[in-house]
Amino acid sequence: MQQWDAVWLNVNIATMVANTQCAYGTIENAAIAIKEGAIAWLGSKDALPEFDALSTPIYDGKGNWITPGLIDCHTHLIFGGNRANEFEMRLSGASYEDIAKQGGGILSTVKATREASAEALFVAANKHVNALMAEGVTTVEVKSGYGLDTANEIKMLEVAQLLNQHHVVDVQSTFLGAHALPAEYKDDADGYIDVVCNEMLPQVAERGLAVAVDVFCEGIGFSYQQTERVLTKAKELGLKVKLHAEQLSDLGGAGLVADLNGLSADHIEYISEASIEKMAKSGTVAVVLPGAFYTLRETKLPPFDLFRKHQLDIAVASDFNPGSSPICSLQLMMNMACTLFRLTPSEALAGVTRNAAKALGLDDRGTLEVGKRADFALWDIAQPAQLAYQFGCNPLQQLVIAGNVVKQ
Ligand code: NIG
Ligand code: FE
């Protein structure tokens, strides 16, 4: 007789295991059992093995749907202040790039983040993680990049570490020291990159403060050569690499991160087919960020036909940040991925589960299979496409993270 920690009966399961027959990897009239934080059994209810029903908590799913816990693989959710004033400026005609060139944009959040204590940043960021979790998120990536000096970059990563320790949601940290050029290094971008490579990165690696390293490779960010220096150094130190690439122009960054076997290239509205071919070869995930596309009222869509032609794995993330995507909702991103980017609802769901896990280099989650982490959500829906189709009537019923029922 099986000894399990909990069992869910009377559920339909979208396993999201890649499957050519059914995009959701559906098992209807199913059951799922967990033990020690992992999935111990799942399958058709008819095949359920005998288990110790007297001492096992049993949940009745009432015919609703279970999906993997959602994974937001690209956020900047630790920051001071807000940029509502720039929202107003953009509405009166200024562009995101104009504002950045005038010393606003990312640099205004840098000022507020430097001024904020670690405690204040933690309190604000904790609310953001709560909001994501309320919509079914079980893993979130968090980037630094609003400190832009060694002490403040480390401060941000320590806040991320604290969040990971204190929050039930799993927090994966990324070092983004090369996010913008701080005022102290105006006209000396290479000098700042020296500090990122020789001072910040070694400390981040030695203290285990980040899993991965990112750079904003863009006309208003850093050049291809500067990006290459940072990512190469990161790899030497044993860190994974990813990139903000081709958001506003094509600098070839996505090809670079693929050449370095990077996890993901993110944004990529302006990517070339040559870079897409490199990504296909290296298995680098295409992370698309409809919240930034929407907020900046971009018109150039990422080239999805080419992504599909070269069979890239596509992830969808919130890019939650105070400037280009002040939207702390992965459910809305799924909807926007369909409405603005024309992904199918199953592609959108794969984008926030299986492919988002791959974009973070995590092979223990993102699909529901025996042995994977017991991270899953029970939704009050009649079919999985509803998760992308509707917004504002959060259907989350129950959330399980590493086997713990965190929302009933
Ligand atoms: O992903 N593009 C660079 N970084 C962020 C924006 C951050 C900000 O505006 O504060 C992004 O869009
Ligand atoms: Fe971003």
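This passage goes through the ligand site, the aromatic pairs and the cysteines of a predicted model.

The ligand is a good place to start. Ligand 1 has 15 residues around it, and the closest ones include Arg83, Tyr96 and His179. Tyr146 and Ser324 belong to that closest set as well. Three side chains can be picked out for their polar contacts with oxygen atoms of the ligand. Ser324 places a side-chain N or O atom 2.5 Å from an oxygen atom of ligand 1. For Tyr146, the distance from a polar side-chain atom to a ligand oxygen is 2.6 Å, and for Arg83 the corresponding side-chain N or O atom is 2.8 Å from an oxygen of ligand 1. As for cover, ligand 1 on its own would expose 330 Å², and the protein buries 100% of that area.

Next come the aromatic rings. Searching the whole structure turns up 10 aromatic pairs. One of them joins Tyr185 and Tyr192, with ring centres 5.6 Å apart. Their planes meet at 55°, and since only angles over 60 degrees count as edge-to-face, the pair goes down as tilted. The two partners sit in unlike surroundings: Tyr185 is partly exposed, at 26% relative accessible area, whereas Tyr192 is buried, at 1%.

Another tilted pair is made by Phe304 and Phe341, whose ring centres are 5.3 Å apart and whose planes are at 45°. Phe304 belongs to helix H11 (residues 304-309), while Phe341 is in the loop between helix H12 (330-339) and helix H13 (345-351). The pair therefore ties together parts of the chain that are 37 residues apart in sequence. Both of these phenylalanines are buried. They also belong to a wider group, as ring pairs link Phe304 and Phe341 with Phe293 and Phe307 into a cluster. Elsewhere, a ring is paired with a charge: Lys300 has its charged end over the ring of Tyr270, 5.4 Å from the ring centre.

That leaves the cysteines. The disulfide count is 0. Take Cys22: the nearest cysteine sulfur belongs to Cys338 and is 16 Å away. With a disulfide requiring sulfur atoms within 2.5 Å, that gap explains why Cys22 is in none. Cys22 counts as partly exposed, at 23% relative accessibility. Cys217 is likewise in no disulfide, and the nearest cysteine sulfur to it, that of Cys197, is 14 Å away. Cys217 itself is buried, with a relative accessible area of 1%.

Definitions and conventions:
Residues are numbered from 1 along each chain as its sequence is written. Chains are lettered from A and ligands numbered from 1 in the order in which they are written. This is a predicted model: local features need pLDDT of at least 70, side-chain atom pairs count only at pLDDT 80 or more; totals for chains, interfaces and linings use all residues. Side-chain values use heavy atoms; hydrogens and water are left out. Rings of Phe, Tyr and Trp (its six-membered ring) pair if their centres lie within 6.5 Å; planes under 30 degrees apart count as stacked, over 60 as edge-to-face and the rest as tilted. Buried means under 20% relative accessible area, exposed over 50%, partly exposed in between (1.4 Å probe, protein chains only). Helices (H or I, at least four residues) and strands (E, at least two) are DSSP runs, numbered from the N terminus. A charge sits over a ring if NZ of Lys or CZ of Arg is within 6 Å of the ring centre and within 35 degrees of the ring normal. A residue is near a molecule or strand if one of its heavy atoms lies within 4 Å of it. A polar contact is a pair of N or O atoms within 3.5 Å; within protein, one must be able to donate a hydrogen and the other to accept it, and residues adjacent in sequence count only if both atoms are side-chain atoms. Accessible areas come from the Shrake-Rupley method with a 1.4 Å probe; for residues, only the protein chains shown count as cover.
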